Amino acid sequence: MTRKQKRLAVIAGGMGFIAAAVLLVMFAFSQSVAYFYMPADLAKTPVAPETRIRLGGLVGEGSVVRGTGSTVEFAVTDGSANAVKVRYTGILPDLFREGQGVVTEGMFTPGTNVFVADTVLAKHDETYMPKDVADRLKAQGLWKEGQGQEGSGKEAKATP
């Protein structure tokens, strides 16, 4: 091999290595992606069972039912007529309560409309609200003046 051929072989090998690394990273990210849905979104376009998603909204008033052990069932709603029944086994966050914002992560059980969560996150207050969520709440008529706060980045204050 000439010197030029060796150099081209090293460059081609390096490019192949970089391409393989990029493909592996993209594959890993695609396996861990969980899309965010609200109950109204799920009513319009149902998700296939055993597809990992994030479900967000408010814990329905009077919907929390504590089962045996650390199993809890509750409904997640977005203020519309749509509510999703959620089952969670584990220790709930201290800030979890009815009417409070919550984000759950998990999947639907095949053959049922029950969302089995393996992660439950409770929001501590509603002063921070991403712009797209605030706009959706405004469109549904659920936005109350004074929610949200001005700030930098993606914080937004929705005004009527």
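This briefing covers the N-terminal helix, the strand pairings around β4, a salt-bridge network and helix α3. The model is predicted. UniProt, in an unreviewed entry, lists residues 7–29 as a "transmembrane region", and in the model that span is 100% helix and 0% strand. Strand β4 is largely enclosed by the rest of the structure. R52, R54, E105 and D118 are joined into one network by salt bridges that share partners.

**N-terminal helix**

- Helix α1 takes in residues 3–32, and M26 is found in it.
- The "transmembrane region" of the UniProt record, from an unreviewed entry, is residues 7–29. The C-alpha atoms at the two ends of this span lie 33 Å apart.
- I11, M15, F17, I18, V22, L23 and M26 make a nonpolar surface patch of about 770 Å².
- One of the patch residues, M26, has a relative accessible area of 52% and is therefore classed as exposed, the cut-off being over 50%.

**Strand β4 and its partners**

- Strand β4 consists of residues 71–77, and 6 of its 7 residues are buried.
- Strand β2, residues 53–59, pairs with β4 in the antiparallel sense over 2 bridges. Within this pairing, L58 has T77 of β4 as its bridge partner.
- Strand β3, residues 65–66, is also antiparallel to β4, again over 2 bridges. Here V65 stands opposite E73 in β4.
- The hairpin of β3 and β4 has 4 residues between the strands, and G69 in that hairpin takes a positive phi near 65°.
- Strand β5, residues 83–89, runs antiparallel to β4 and is joined to it by 7 bridges. T71 has T89 of β5 as its bridge partner.
- β4 and β5 form a hairpin too, with 5 residues between them. In its turn, G79 has a positive phi of about 90°.
- As background, side chains in a regular strand alternate between the two faces of the sheet.

**Salt-bridge network**

- The whole structure contains 5 salt bridges.
- R52 and E105 meet through their side chains in a salt bridge, at 3.2 Å from N to O. This pair links distant parts of the chain, with R52 in the loop between α2 (39–44) and β2, and E105 in strand β6 (residues 101–108), 53 residues apart.
- R52 also forms a salt bridge with D118, where the closest N and O atoms are 2.9 Å apart. D118 lies in strand β7 (residues 114–122) and R52 in the loop between α2 and β2, so this pair ties together parts that are 66 residues apart in sequence.
- The side chains of R54 and E105 form a salt bridge at 3.0 Å, N to O. R54 is in strand β2 and E105 in strand β6, so that the pair links distant parts of the chain, 51 residues apart.
- Through shared partners, these salt bridges make one network of R52, R54, E105 and D118.
- E105 is buried, because its relative accessible area is 16% and the cut-off for buried is under 20%.
- R52 counts as partly exposed at 29% relative accessibility. R54 is partly exposed at 36%, and D118 is partly exposed at 44%.

**Helix α3**

- Helix α3 covers residues 131–139, and its buried residues are V133, A134 and L137. They lie on the same side of α3, because they cover an arc of only 100° around the axis.
- An α-helix has 3.6 residues a turn, so residues three or four places apart point the same way.
- K131 and A139 are exposed on the other side of α3.
- G141 follows α3 and has a positive phi, near 80°.

Terms used: Residues are numbered from 1 along each chain as its sequence is written. This is a predicted model: local features need pLDDT of at least 70, side-chain atom pairs count only at pLDDT 80 or more; totals for chains, interfaces and linings use all residues. Side-chain values use heavy atoms; hydrogens and water are left out. UniProt positions are given in the numbering used here, feature names are shortened, and annotations may be inferred rather than shown by experiment. Patches are made of residues with over 30% relative accessible area and no salt bridge: like charges are joined within 9 Å, nonpolar side chains (Val, Leu, Ile, Met, Phe, Trp, Tyr) within 5 Å. Accessible areas come from the Shrake-Rupley method with a 1.4 Å probe; for residues, only the protein chains shown count as cover. A salt bridge is a side-chain nitrogen of Lys or Arg within 4 Å of a carboxyl oxygen of Asp or Glu. Buried means under 20% relative accessible area, exposed over 50%, partly exposed in between (1.4 Å probe, protein chains only). Two strands pair if DSSP finds at least two bridges between them. The arc is that of the directions from the helix axis to the C-beta atoms.
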